[in-house]
Amino acid sequence: MFLSASRWRLSRRFLSSRRLVPIALILGFALVLTFYTIHIQSLHDPRFYERVSLQVPHDPASLSSGLAQSPRQGDHLIPHKIWQIFLTPPEIKEARPEIPQKQRDFIESWKVNNRDHEYHLLRDNDTVAFVQENFAQNEALQKIFAGKGSAAMKSDILRYLLLFAIGGVYTDLDTVAWIPIDYWAPREYRSTARLIIGIEFDRLEDENWKGVHHELQFCQWTIAAAPGHPIFSAMVARALKLLGDLEESYGKPFAEIKPTTNDVLTTTGPSAWTDAVFQELQKIDPSLKSLRDLSGLKKEKMIGDVLILPIDGFGAGQRHSGSTRLGVPPAARAKHKFHGVWKGRESRI
Ligand SMILES: *[C@@H]1O[C@H](CO)[C@@H](O)[C@H](O)[C@H]1NC(C)=O
């Protein structure tokens with residue numbers, strides 16, 4: 001009786017508002033100190049300085065000179081080439097719009113981190129030339145790239161074609177390089193990895209998302225590959241088949257279709273990419289039963305010649321999927337800034 005009454009008084013006193021003020025102050029101070037420490041740590045991480053340089057961007061090498069040179073790749077199977085794509089959607093009237101300054105800074109992060117890589121930025125006219133040169137026999141591809149039509153879908157297909165025909169790293173214009181590409185594969189996998197892919201979304205135990213895969217989705221904003229990987233031929237075949245179905249359901253040729261975001265995701269984009277990749281992974285490792293088997297990866301996983309990075313590999317800073325929100329997680333190779341180059345210009349790419 002006496003004990004519990006005194007304990008009650010004690011906790012009352014402890015929780016009195018006058019007591020709460022210093023406690024709140026101490027907690028607040030601790031919180032500020034934690035955030036400050038994380039910020040200082042990321043400043044001291046050498047990768048922080050390499051992220052974005054303020055140098056004036058130099059002219060990207062032309063596509064044809066890239067095709068002529070053979071890559072120097074050290075112990076890597078991934079050619080020393082970086083590919084980026086900047087297509088103008090049909091609804092933009094300017095013939096050759098400027099690349100926004102923010103994206104030019106992001107581009108610089110790729111060049112500065114990878115000084116021995118050839119850098120290529122493909123515009124609309126380069127695209128047509130590349131497809132004519134490398135996929136001359138494929139009429140469906142010729143038709144897609146020669147005419148108008150969704151820039152988002154063309155950009156999706158083009159990255160698969162580039163990595164299939166030539167290889168290297170494809171990365172969207174709203175991505176930032178964190179570490180040199182040569183360090184993306186852990187040393188033990190460097191001489192065997194022919195494809196490096198990251199995870200965009202991992203449901204873990206959370207709710208499902210609209211528009212993404214049920215359990216897990218691979219990202220295609222950044223992909224590294226040695227040329228000729230069968231995943232790309234499978235992906236392009238799948239995309240061409242699905243585009244044919246889309247033309248039929250819209251009753252229009254590709255050039256006249258204005259696809260919805262969902263059309264893009266499921267035909268050429270990350271959802272279709274996830275299906276194609278997983279089907280090929282299952283061929284390599286039949287014990288894989290569902291995408292769920294790749295959920296919650298804490299470190300890199302090698303399946304055949306495919307290196308799968310954990311969520312932070314290309315997807316740090318997201319609010320889901322177990323992604324690290326603050327600082328520079330050790331697994332981060334590149335970061336997606338989710339700026340969609342054409343956002344604010346009433347379109348997206
Ligand atoms: C595309 O156009 C640019 C600018 O006019 C030019 O420098 C480049 O060589 C062209 N590319 C091809 C493949 O013709």
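Visitor: Why is serine 321 called buried?

Guide: In this predicted model, serine 321 has a relative accessible area of 4%. Buried means under 20%, so serine 321 is classed as buried.

Visitor: Where does serine 321 lie, and which residues does it touch?

Guide: Serine 321 is in the loop between helix H12 (312-315) and strand S11 (334-336). Leaving aside residues up to four places away in sequence, serine 321 touches Glu200, Phe201, Asp202, Leu204 and Ile311.

Visitor: What makes the pair formed by serine 321 and the backbone nitrogen of aspartate 202 a polar contact?

Guide: A polar atom of the serine 321 side chain lies 2.9 Å from the backbone nitrogen of aspartate 202. The cut-off for a pair of N or O atoms is 3.5 Å, and the distance of 2.9 Å is within 3.5 Å.

Visitor: What is notable about the phi of serine 321?

Guide: The phi of serine 321 is positive, about 65°, although serine 321 is not a glycine. Most residues other than glycine have a negative phi.

Visitor: Why does phenylalanine 35 count as partly exposed?

Guide: Phenylalanine 35 has a relative accessibility of 46%. Buried requires a value under 20% and exposed a value over 50%; 46% falls in between, and phenylalanine 35 therefore counts as partly exposed. Phenylalanine 35 is placed in helix H2 (residues 17-44).

Visitor: Which residues form a nonpolar patch with phenylalanine 35?

Guide: Leu31 and Leu326 form the surface patch together with Phe35. The accessible area of Leu31, Phe35 and Leu326 together is about 310 Å². Patch residues must have over 30% relative accessible area, and the 46% of phenylalanine 35 meets that condition.

Visitor: Which residues surround the ligand, and how do you know that polar contacts are present?

Guide: Arg96, Asn125, Asp126 and Ala129 surround the ligand. A polar side-chain atom of asparagine 125 is 2.2 Å from a ligand oxygen atom, and an N or O atom in the side chain of aspartate 126 is 2.9 Å from a ligand nitrogen atom. Both pairs are within the cut-off of 3.5 Å and therefore count as polar contacts. On its own the ligand has 360 Å² of accessible area, of which the protein covers 39%.

Visitor: How many helices and strands does the protein have, and what share of the residues count as buried?

Guide: The secondary structure comprises 12 helices and 11 strands. Of the 349 residues, 47% count as buried. The protein exposes about 18100 Å², with 57% supplied by carbon and sulfur atoms.

Conventions:
Residues are numbered from 1 along each chain as its sequence is written. This is a predicted model: local features need pLDDT of at least 70, side-chain atom pairs count only at pLDDT 80 or more; totals for chains, interfaces and linings use all residues. Side-chain values use heavy atoms; hydrogens and water are left out. Patches are made of residues with over 30% relative accessible area and no salt bridge: like charges are joined within 9 Å, nonpolar side chains (Val, Leu, Ile, Met, Phe, Trp, Tyr) within 5 Å. Accessible areas come from the Shrake-Rupley method with a 1.4 Å probe; for residues, only the protein chains shown count as cover. A salt bridge is a side-chain nitrogen of Lys or Arg within 4 Å of a carboxyl oxygen of Asp or Glu. Helices (H or I, at least four residues) and strands (E, at least two) are DSSP runs, numbered from the N terminus. Buried means under 20% relative accessible area, exposed over 50%, partly exposed in between (1.4 Å probe, protein chains only). A residue is near a molecule or strand if one of its heavy atoms lies within 4 Å of it. A polar contact is a pair of N or O atoms within 3.5 Å; within protein, one must be able to donate a hydrogen and the other to accept it, and residues adjacent in sequence count only if both atoms are side-chain atoms. Contact means heavy atoms within 4.5 Å.
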